[in-house]
Amino acid sequence: MAPSPFIEMDGPQTHFPESRVLIIMTGGTICMQPSPDGLIPMTGFLDNAMAHRPSFNDKSAPSVKITACKNGVKLSLDTLRTPPSAYSRHIRYGILEFNPLLDSSSISSIGWTEIALTIKENYQLFDGFVVLHGTDSLAYTASALSFMMSDLGKPVILTGSQASIFALQSDAVDNLLGSLIIAGTFVIPEVCLFFHHTLFRGNRTTKVSASSFEAFASPNCDPLAKVTSLGVDVNWALVKRPTKIAEFQVTKYLDTAHVACLRIFPGIKPEMLDSVLRVPNLRGLILETFGMGNAPGGVDGSLTKVIKEAVDRGIVIVNVSQCTNGVVSPLYASGTALTRAGVVFGHDLTTEAALTKLSYLLALPNLKYPEITGQMARSLRGEMTERTLPSFSHPAGSIDSAVARLTTAESAFTALGYAISTGDIRTVGEILEGDEFSHQLLKKCDYAGNTAVHLAAVGPQSDILRDLLMRGASVHVRNFANNTPLYLAEKMGNDVCVRLLKEAGAHLWEAESSAKTSEMEGSVSTGNGFKEADEAETNGAVGDEEKSAVANNNL
Ligand code: ASN
């Protein structure tokens with residue numbers, strides 16, 4: 001059998017850094033065992049399902065506890081850690097379990113709120129989050145969380161399995177291990193769904209098989225990453241990055257109680273649709289139509305009349321396709337009639353995303369009907385494909401600057417670092433122009449693990465830092481000395497940068513807070529462990545020599 005791409009096979013080693021991941025266990029088949037009433041979820045997943053498996057427990061320091069929060073209470077959480085991955089990193093993790101654990105067919109907005117608030121409470125304590133969940137409603141939960149969480153800066157990965165982890169043949173170990181390693185290694189600041197070696201944008205997914213291990217697809221959006229025998233291949237160009245400076249926020253509540261979903265079928269009677277649209281206090285309807293958004297009798301029929309009357313009563317009706325792939329658009333007369341009746345065309349939204357997005361928008365205070373319909377028709381979290389203007393780039397050598405001659409991301413990063421350190425904002429802008437290059441450069445780091453944000457945090461020009469943040473650079477990556485950009489900016493007394501970073505959601509890492517405290521008390525402390533820049537595959541593993549060189553190097 002080929003070795004796993006994830007785990008270094010030379011046995012436990014202790015000199016590799018650790019990332020911290022919080023697992024939130026909500027239930028699902030992954031933790032189920034047979035009972036006289038059928039499969040039911042079992043508690044104690046860490047001890048019963050993970051502790052005895054070498055890929056989840058390197059047995060190096062089994063008694064380490066870490067702090068986590070639940071409902072405002074600080075807990076001391078039992079943890080385990082993986083052996084070092086192919087990215088030279090251990091993932092230390094602990095689990096918070098729902099009480100009671102659920103079959104996901106019973107999840108509701110109460111469960112979504114609990115997951116979102118648990119992540120919010122623990123946001124600064126962990127590098128990433130894995131949510132274990134049943135597969136039945138997993139795509140709904142992934143979509144809901146994506147809307148509830150705004151300005152997310154860390155990975156949130158949902159997974160589960162088609163067979164229990166206690167079964168002899170199961171997809172559980174692969175799905176869980178893959179999620180843990182990705183969440184602890186790559187700063188992919190999105191709500192994702194990981195299944196069958198594939199990382200999807202959560203709000204693009206749909207469950208396509210009740211039994212196959214390949215249970216999910218994302219028909220209108222390429223995967224964000226694929227796990228192969230060579231490692232994790234992240235499609236960074238697709239990963240959403242922040243476009244404004246803002247802190248992570250959670251919307252606590254979705255209005256699922258006043259939204260319905262109806263699938264059009266040949267022969268549907270207008271009265272059927274009308275009775276759904278007259279459910280007391282209904283505020284929104286997702287209409288699953290044929291093909292590109294067509295419904296029977298759409299040209300002059302009474303179905304359209306029923307729809308128009310509902311729209312006039314203030315009900316938001318969103319048109320999505322019954323097809324898994326493709327876009328709704330008013331190409332045919334029937335679709336045009338729906339548009340004229342006031343139906344919003346949901347482009348290539350999945351039903352799961354449409355339903356949870358509408359529930360989210362309806363729950364926002366003071367949002368008027370036109371604002372809701374306007375937001376339904378455009379992408380908020382990458383949930384729909386937006387039409388983009390064709391982009392064009394300079395032919396090689398057409399711009400008269402050193403940048404035009406740069407051929408690799410490495411040399412461009414060197415030039416970027418120089419421009420940042422000299423406060424040359426114009427050159428920074430030139431280098432980062434063009435999506436193809438900038439998403440790579442913002443993930444790159446120098447020999448000491450410093451990203452462009454680290455460099456800008458201590459640089460002479462705070463506007464450069466602002467520019468990097470607006471282009472989606474992460475504030476959470478730590479350099480090889482385990483330092484965040486915020487820590488470095490504070491150390492330099494760079495107040496404007498400190499303020500900017502905090503506005504963008506930056507926070508000190510646990511070890512930095514204690515280092516700061518002990519420094520204030522007059523002693524010196526160094527970090528232990530770090531999270532390298534997320535383009536780990538190009539940075540490679542960090543050797544001992546290199547580590548000791550950078551340990552003394554805070555820039
Ligand atoms: N019924 C299960 C659930 O959604 C199915 C699964 O997890 N595979 O909780």
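Let's begin with the hidden spaces: a search of the whole structure finds five cavities of 30 Å³ or more. A cavity is a set of points, on a 1 Å grid over the protein atoms alone, where a 1.4 Å probe fits but cannot get out. This is a predicted model, in which local features need pLDDT of at least 70 and side-chain atom pairs count only at pLDDT 80 or more, while totals for chains, interfaces and linings use all residues. Residues are numbered from 1 along each chain as its sequence is written, and side-chain values use heavy atoms, leaving out hydrogens and water.

Now select Gly153, Pro242, Ala473, Ser474 and Val475, the residues closest to the centre of the largest cavity among the 25 that line it (lining residues have an atom within 4 Å of a point). About 240 Å³ of space lies in this cavity, a volume being the space filled by probe spheres set on the points, which are joined across faces, edges and corners.

Next, select residues 259-263, which form strand 18, an edge strand (strands are DSSP runs of E, at least two residues, numbered from the N terminus). Four strands form an open, parallel sheet here, in the order 18-19-20-21; two strands pair if DSSP finds at least two bridges between them. Add residues 284-289, strand 19, which pairs with strand 18 over five bridges. Where does Leu262 find its bridge partner in strand 19? Look at Leu287.

Finally, show helix 5, residues 270-277, packing on the sheet and touching strand 18, strand 19 and strand 20 (helices are DSSP runs of H or I, at least four residues; contact means heavy atoms within 4.5 Å).

Conventions. Axes are lines fitted to C-alpha atoms, for helices over the stretch in contact, and angles run from 0 to 180 degrees between N-to-C directions. On a 1 Å grid over the protein atoms alone, a cavity is a set of points where a 1.4 Å probe fits but cannot get out, and a pocket is an open set with protein on both sides within 12 Å along at least five of seven lines; lining residues have an atom within 4 Å of a point.
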